[in-house]
Amino acid sequence: MYQINFNKPCRVHFIGIGGISMSGLADILMDKGFSVSGSDTKESELTENLKRAGARVTIGQAASNIDAPDVVVYTAAIRQDNPELQEVYRRHIPLMTRAELLGELMLNYRESVNVAGTHGKTTTTSMITQILLEAGKDPTVSVGGVLKSIGGNIRIGASDVFVAEACEYCNSFLSFYPTLSVVLNVEADHLDFFRDIDDIRHSFREFIMRLPQDERGFLVINGDIHHVEYFLEDLKCGFVTFGKSADYDYAAKDITYDDKACASYTLLKKGEPCCHVQLSVPGQHNVYNSLAAIAACERLGIAPEEAAKALVYYTGTDRRFQVRGEVDGWTVIDDYAHHPQEIMATLKAAQLYPHRKLTVVFQPHTYSRTKALLKDFANALMLCDEVIVADIYAAREKDVYGVSSEDLAKRINQIGGNAVYLGDFEKIKNYVRENLSPGDVLITMGAGNVVEIADSLTEE
């Protein structure tokens, strides 16, 4: 594989440079003196920002865009018949995926922090970032959402610390080179790629074993993961656990919630009270995300007491229980949850949030996930008073799985819930305008474009 060395800048071309992750990686390379070009199918604020920063960006993809790059980077969304990709193959130009480039970048930092898990990655990566910023550590960061404190999803720092999410889909994280890994949870998801939960667990173990197997490597892992011993077997680097049990290295005691569902607790370190933690994001799930962040940052030289002070300033990431505003006296919240466990965590937080009636507009994400986890989705959505189901967001898939949003609504009603399938966004907006009252809470939920409903309602 082509090696990206900050001491030897070269020419890099990005196929699909306008994506939020690709554009961020291009920014990092330009900051290090690399010459960057790229193409995308449409203009955006991201492509305009890249042009202003010095990248040569072409809208529209053609073989002629490939002049003389040293290496070409592409994403999984690029089809094999893409003319630029075909030209790269024809000329035998070195080629790497976005994940491989991200892994190569990690090799240029002394500390490479990777946050993995079926869910919670963006929030925990953001918490770690907030703590590092408050401690003056000046990290470089790649996060999967928009974080207010860094003004986007990428931050270019001057220190030798790099913090990034590590996504398991398509085994992307097996291209990474962490020195410090955080594993939040391991559950069934992305079953369009993985065979089953055992296949997923195997991939996470492979990811953990990419840590340096000596004193340079370190693992922070949730002790509540099923048969966690499997992931620790033959591990030769250091590790700590966090989770619900006081027997873990990092745990929470005396958890209480304020009137916005934000938790405070006493941090237990190896069973002994350490300090008080006050969070500014809602839900019990964020208690455990914060434990992981505190544990990771202590490994990076930040005392738990200092980390706790920093966490007060973390107020969330876009699309994570994000209060968007009020409409006629009822509150609109937007959330990225698209897996049953994430939905349960969000709705448990919502139950602690002041409300009269809790209504969820849920947009299932991908046909394969909807089919594989239909019963789990229905059970999770029982935690609200009413569910409005939108059409499935196809993302990368075609409608060949024999499942629909109507099937989910029917399943919810069969087990005693209250669901209605409306599908179309305009129908949904009209329905909530007519049926919500002052004091109610509406959550738009899903990883697709359901946020457009929240945007439209609050803008109106």
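**Close-up views of a predicted model**

**View 1. C262 is buried, with a relative accessibility of 9%.** The structure is a predicted model. A search for disulfides across the whole structure returns 0. How far is the sulfur of C237 from the closest cysteine sulfur? The distance is 18 Å, and the partner is C297; this is too far for a bond, so C237 stays unpaired. C237 is also buried, at 6% relative accessibility. C262 is likewise in no disulfide, with the sulfur of C275 as its nearest cysteine sulfur, 18 Å away. For scale, a disulfide requires two cysteine sulfur atoms within 2.5 Å.

**View 2. A261 has a positive phi without being a glycine.** Its phi is near 70°. A261 sits in the loop that runs between β13 (250-257) and β14 (262-269). Is A261 buried or exposed? A261 counts as buried, because its relative accessibility is 0%.

**View 3. C170 is a non-glycine residue with positive phi.** Here phi is about 60°. C170 belongs to the loop between β9 and β10. At 35% relative accessibility, C170 is partly exposed.

**View 4. Y169 and F193 form an edge-to-face aromatic pair.** The structure has 10 aromatic pairs in total. In this one, the centres of Y169 and F193 are 6.1 Å apart, and the planes meet at 70°, which makes the pair edge-to-face. The two rings come from distant parts of the chain, 24 residues apart. Y169 lies in the loop between β9 (161-166) and β10 (180-183), and F193 in the loop between β10 and α6 (197-208). Y169 is buried, with a relative accessible area of 18%. F193 counts as partly exposed, at 35% relative accessibility.

**View 5. F362 and F377 form a tilted aromatic pair.** Centre to centre, F362 and F377 are 5.5 Å apart, with 40° between the planes. This pair also links distant parts of the chain: F362 is in strand β18 (residues 358-362), F377 is in helix α12 (residues 374-380), and 15 residues separate them. Both F362 and F377 are buried.

**View 6. Four aromatic residues join into a cluster.** Its members are F6, F34, Y109 and F162. Ring pairs provide the links.

**View 7. Two arginines lie over tyrosine faces.** R210 lies over the face of Y177, 4.9 Å from the ring centre. R320 takes up such a position over Y336, at 4.3 Å from the ring centre.

**View 8. The whole chain gives the setting for the close-ups.** How many helices and strands does the protein chain have? There are 15 helices and 21 strands. The C-alpha atoms fill a box of roughly 60 × 55 × 40 Å along the principal axes. The radius of gyration is 22 Å, which agrees with the value near 23 Å for a compact globule of 460 residues. Of these 460 residues, 55% count as buried. The chain exposes about 19,000 Å², and carbon and sulfur atoms supply 46% of that area. Contacts often reach far along the sequence: among those between residues at least 6 apart, 64% join residues at least 24 apart.

How values were computed: Residues are numbered from 1 along each chain as its sequence is written. This is a predicted model: local features need pLDDT of at least 70, side-chain atom pairs count only at pLDDT 80 or more; totals for chains, interfaces and linings use all residues. Side-chain values use heavy atoms; hydrogens and water are left out. Rings of Phe, Tyr and Trp (its six-membered ring) pair if their centres lie within 6.5 Å; planes under 30 degrees apart count as stacked, over 60 as edge-to-face and the rest as tilted. Helices (H or I, at least four residues) and strands (E, at least two) are DSSP runs, numbered from the N terminus. Buried means under 20% relative accessible area, exposed over 50%, partly exposed in between (1.4 Å probe, protein chains only). A charge sits over a ring if NZ of Lys or CZ of Arg is within 6 Å of the ring centre and within 35 degrees of the ring normal. The radius of gyration is taken over C-alpha atoms; the globule rule is 2.2 Å times the number of residues to the power 0.38. Contact means heavy atoms within 4.5 Å. Accessible areas come from the Shrake-Rupley method with a 1.4 Å probe; for residues, only the protein chains shown count as cover.
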